[in-house]
Structure formats: C-alpha cells, structure tokens
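Trainee: I should like to study this structure step by step. May we begin with the ligand and then turn to the helices?

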Amino acid sequence: MVHDETYEQRLMRARSFDAGDELAVFRNEFHLPKQENGEPVLYFVGNSLGLQPKRTESYIAEELTKWRELGVRGHFECERPWMPYHEFLSETMAELVGAQPNEVVMMNSLTTNLHLMLATFYRPTQTRHKILIEDHAFPSDFQAASSQVVWNGFDPAHSLLVLPTEETTAAINEEAIIETIHREGSQLALVMLPGVQYYTGQVFPMERIAAAAHAVGAKVGFDLAHAAGNIRIHLHDWDVDFAVWCSYKYLNSGPGSVGGCFVHERHASNVDLPRLAGWWGHDKGTRFKMKNEFKAIPTAEGWQLSNPPILSLAAIRASLDVFKEAGGMSPLIGKSTLLTQYLDVQLRNRLGDRIKVLTPESGRGCQLSLEIDCGDLPGKQVHRQLDASGVETDWREPNVIRVAPVPLYNSFEDCFHFVEKLAGCVEA
Ligand SMILES: *Cc1c(COP(=O)(O)O)cnc(C)c1O
C-alpha cells in the first residue's frame with residue numbers, strides 16, 4: 001500500500017515524477033522567495049500572488065531606458081512603442097482565455113473592469129432587473145453588483161439573486177444554478193459568476209451557464225480572477241458576453257498589475273453599445289484630433305478609458321512570454337491535473353481523517369481548499385505552524401487553508417514536502 005512506504009520511498013517517487021516532467025525547467029524562470037535561513041519557501045499561494053518571472057526585471061528596465069533616453073518619443077519612435085503597447089499583449093492573452101485578439105484588452109484593474117462591463121451589460125428595466133450571483137462571492141464582486149443595482153435605482157433586496165451554497169461542502173450545485181436561471185428567467189438581466197470559486201476552488205460550468213442564461217434572454221459575465229492561467233477557458237466559443245480578470249494571481253504579473261477584459265466580438269463590434277467612455281477607447285485614427293466626439297474602436301479596446309501604465313504592461317508581457325514558451329494552457333493543464341491529483345492522493349492517504357478536501361474532484365483547477373478538522377487544534381494554528389516551517393499557504397475564514405500547486409513553478413517534491421510538513425503540524 002502506498003501509505004506504508006517509507007519517507008525515503010515517497011520522496012524518491014515524487015522526485016521521479018519531477019524527473020519525467022517536461023515543464024520542470026520552468027521553475028528556474030521564477031524567483032522563489034527565501035526563508036530567513038536562506039532556503040526557498042514552499043510557495044503554494046500562486047492563486048493569491050504569482051511569483052516573479054526572472055525576466056520581468058529586464059522587461060521593465062527596457063521601458064525605463066526608453067523613458068530615460070527618448071522621453072515622450074518613446075510613444076512612437078522605438079522598437080516597442082508605448083502607443084500600441086497594450087496590443088502586444090492581446091494575442092497571447094487571448095489564447096489563454098480562448099478568445100480572439102480583438103475580444104481582449106488589458107486595462108485598469110479587475111473591479112474597475114467589472115463596473116465598466118456592468119455599465120454596458122447590466123441595463124435593468126422594471127421587469128428585467130435581477131443579477132444572479134453566488135453566496136460567498138468575493139466581496140468586491142458582491143459590492144460591484146450590489147452598488148450597480150442601487151446606481152440604477154433598484155433595491156438589492158429584490159434585484160440581487162443569491163445562489164445558496166451547500167452547507168457541508170460550500171459548493172454550489174450545478175443543477176441549482178440552471179434551475180434558478182430557468183425559474184427567474186423573465187426577470188433575470190444578468191448572470192455574474194466566477195470561473196473558479198476563490199474559496200472552494202470549484203470550477204463553474206461556464207458554457208452550460210452561458211447557454212442557460214441566453215436561453216432566457218439574460219446576459220452572462222464571468223469573473224476569471226482564479227481561472228485565467230489556471231483552467232481551460234473558451235470564452236468565444238462558449239458565447240460569453242463579457243469576462244474580467246486580474247493578472248497578479250496565476251498570471252504572475254506583479255502586485256496590483258493591470259487587469260484583463262473580454263467582450264465578445266458580437267458586442268465589441270457594435271460601436272453603438274452604451275458605455276462609460278474615455279479617449280483611449282476612441283478611434284485611433286482621429287484620437288489626437290482632440291474633438292468633442294466619441295467613435296468607439298470596434299473591438300474590446302473600445303472600453304479603454306486612459307492610456308495604460310506601461311511598466312505594468314511590461315511585467316504582463318514578460319509573464320505572457322513565459323506562458324508562450326511553456327506551450328500555452330494545454331501542457332500546463334496536463335501537468336496541473338497530475339500535480340493536483342498527486343497532492344490530493346497524498347493528503348487523503350496520510351491525513352484523510354483530519355483534512356477534508358472541499359474542492360470538488362470533478363471540477364477544479366490547481367487549487368485545493370482544505371478544511372482542517374484536528375480536534376482541539378484550531379485550523380488557524382495549523383496555518384501559523386505551516387508558515388513558521390517555511391510553507392506559504394493561505395488562510396480563509398472560517399476554517400480553510402488554500403494550497404495551489406502551480407504547474408509553471410511548483411514540483412511534485414514541493415507537494416510531497418507540503419504533506420510531510422502538514423502531517424508534522426497536525427500529528428504533533
Ligand atoms: C482577486 C479577486 C478580486 C480582486 O479585485 P481587484 O479589483 O483586482 O482588487 C476580485 N474578485 C475576485 C473573485 C478575486 O479573486
């Protein structure tokens with residue numbers, strides 16, 4: 001039996017998996033934070049802040065040099081001018097979320113983009129005014145939806161439709177989502193759900209939800225904060241109306257870096273769609289005529305407001321180049337599935353009586369949410385002990401430790417050591 005193996009045997013097996021992993025070399029593309037003793041930490045919080053690619057520094061330095069040496073002319077007269085700089089990101093970014101380049105733009109931050117999308121796609125009427133969201137939505141998503149309801153003159157008590165979570169697992173039942181959409185159909189203006197639930201790691205069936213929402217005449221938008229760079233997404237083919245995400249989690253672009261936005265081509269090409277506009281969304285050919293007019297760019301770029309922060313976009317470009325070199329999402333998901341499966345099995349074998357994996361096996365990315373059930377030992381204490389032993393995980397009230405083995409830089413050996421250290425904490 002696997003759990004009768006010795007420490008050495010288990011370690012050797014983890015190392016043999018790493019030896020057979022073609023993506024293992026990409027770990028060396030990243031800076032691993034160090035503990036006080038100089039050893040690298042076991043980093044499992046790429047779902048919260050992805051690690052820094054080693055090349056990011058030189059990509060940012062390139063822009064600082066341009067600024068230093070060219071000043072304002074850096075907008076035009078150089079190899080990668082700032083004026084169209086965001087366009088250099090669109091193709092790779094679009095591939096990662098299953099979109100066409102004209103459907104994707106990197107701009108602002110996640111919550112700002114959510115508001116911009118709601119301004120266009122949440123147009124409530126007296127009969128159709130409800131937004132379907134999940135219970136335990138990320139606070140910012142709840143606050144954005146709720147404030148948009150109020151902003152439009154409606155009452156969240158009537159117009160926010162909250163999907164309940166299951167008591168024991170905190171999961172949301174797929175059939176319940178579809179039933180609710182059918183039941184509320186005629187009053188439903190918008191379905192706004194995550195691609196991956198941040199607390200449980202549950203993946204939502206986006207294609208099915210989009211089809212159900214459209215069948216009752218509602219729009220559908222997804223928050224991909226925990227999905228972009230983590231799971232397989234086909235925004236265009238799934239006919240999603242809009243999506244937003246951030247770039248500092250699985251997309252490794254640095255704290256507070258610029259977010260992403262998807263608008264389906266059939267909307268993006270409609271320049272008459274109402275929106276909150278700014279000059280960077282205006283027709284590029286006449287932008288600098290400085291006239292009192294707005295002629296939207298007929299792509300997702302038509303929702304841009306301002307000229308973007310280039311230093312942040314440079315960090316995104318560095319990160320996207322790493323994804324491209326790794327071969328995009330397909331190989332990464334292949335490894336992610338094996339790595340997460342390995343971690344899950346080790347946890348069940350070693351600690352199944354004290355640690356419950358909340359994340360549904362049938363639908364997950366690389367995040368596992370662990371419910372800690374160790375009698376008198378509080379989960380928060382377990383998390384603190386892990387922290388002190390050089391393992392970076394993430395604590396979420398009331399009782400969950402989230403761990404994300406990220407295929408770009410985590411190894412099977414990382415997962416092995418995590419389980420050993422966790423066992424040390426809860427068996428002590
Ligand atoms: C991380 C995250 C956010 C963060 O929003 P910002 O606007 O980037 O600060 C919002 N929603 C979800 C679901 C998230 O996971």
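Trainee: Which residues surround the ligand?

Mentor: Please keep in mind that this is a predicted model. A residue is counted here if one of its heavy atoms lies within 4 Å of the ligand. The ligand is thus enclosed by Leu110, Thr111, Phe138, Asp141, Asp223, Ala225, His226, Tyr248 and Lys249.

Trainee: How many residues of the shell around the ligand are nonpolar, polar and charged?

Mentor: Each residue of the shell is assigned to a class. Asp and Lys count as charged, while Leu and Phe are among the nonpolar ones. The shell has 4 nonpolar, 2 polar and 3 charged residues.

Trainee: Which side chain has an N or O atom 2.5 Å from an oxygen atom of the ligand?

Mentor: Two side chains can be set aside, as their contacts involve a nitrogen atom of the ligand: Asp141 at 2.7 Å and Asp223 at 3.2 Å. The ligand oxygen atom at 2.5 Å is paired with the side chain of Lys249.

Trainee: What share of the ligand's area does the protein bury?

Mentor: The ligand taken alone exposes 390 Å². Of that area, the protein buries 83%.

Trainee: Is H4 roughly parallel or roughly antiparallel to H5?

Mentor: Helix H4 (residues 110-121) packs against helix H5 (residues 139-151) at about 30 degrees, with the axes 10 Å apart. Because angles under 35 degrees count as roughly parallel, H4 and H5 are roughly parallel.

Trainee: Is the crossing of H3 and H10 left-handed or right-handed?

Mentor: Helix H3 (residues 87-97) and helix H10 (residues 310-325) pack at about 50 degrees, and they are therefore oblique to each other. H3 passes H10 in a crossing that is left-handed.

Technical notes. Residues numbered from 1 in each chain as written. Predicted model: local features only at pLDDT ≥ 70, side-chain atom pairs only at ≥ 80, totals over all residues. Heavy atoms only, no water. Polar contact = N/O pair within 3.5 Å; in protein donor to acceptor, adjacent residues only side chain to side chain. Areas by Shrake-Rupley, 256 points an atom, 1.4 Å probe, with all protein chains shown as cover. Axes fitted to C-alpha atoms, helices over the stretch in contact; angles between N-to-C directions. Helix = DSSP H or I, 4+ residues; strand = E, 2+ residues; numbered from the N terminus. Parallel < 35°, antiparallel > 145°, perpendicular 65-115°, else oblique. Left-handed = near helix turned anticlockwise from the far one by under 90°.
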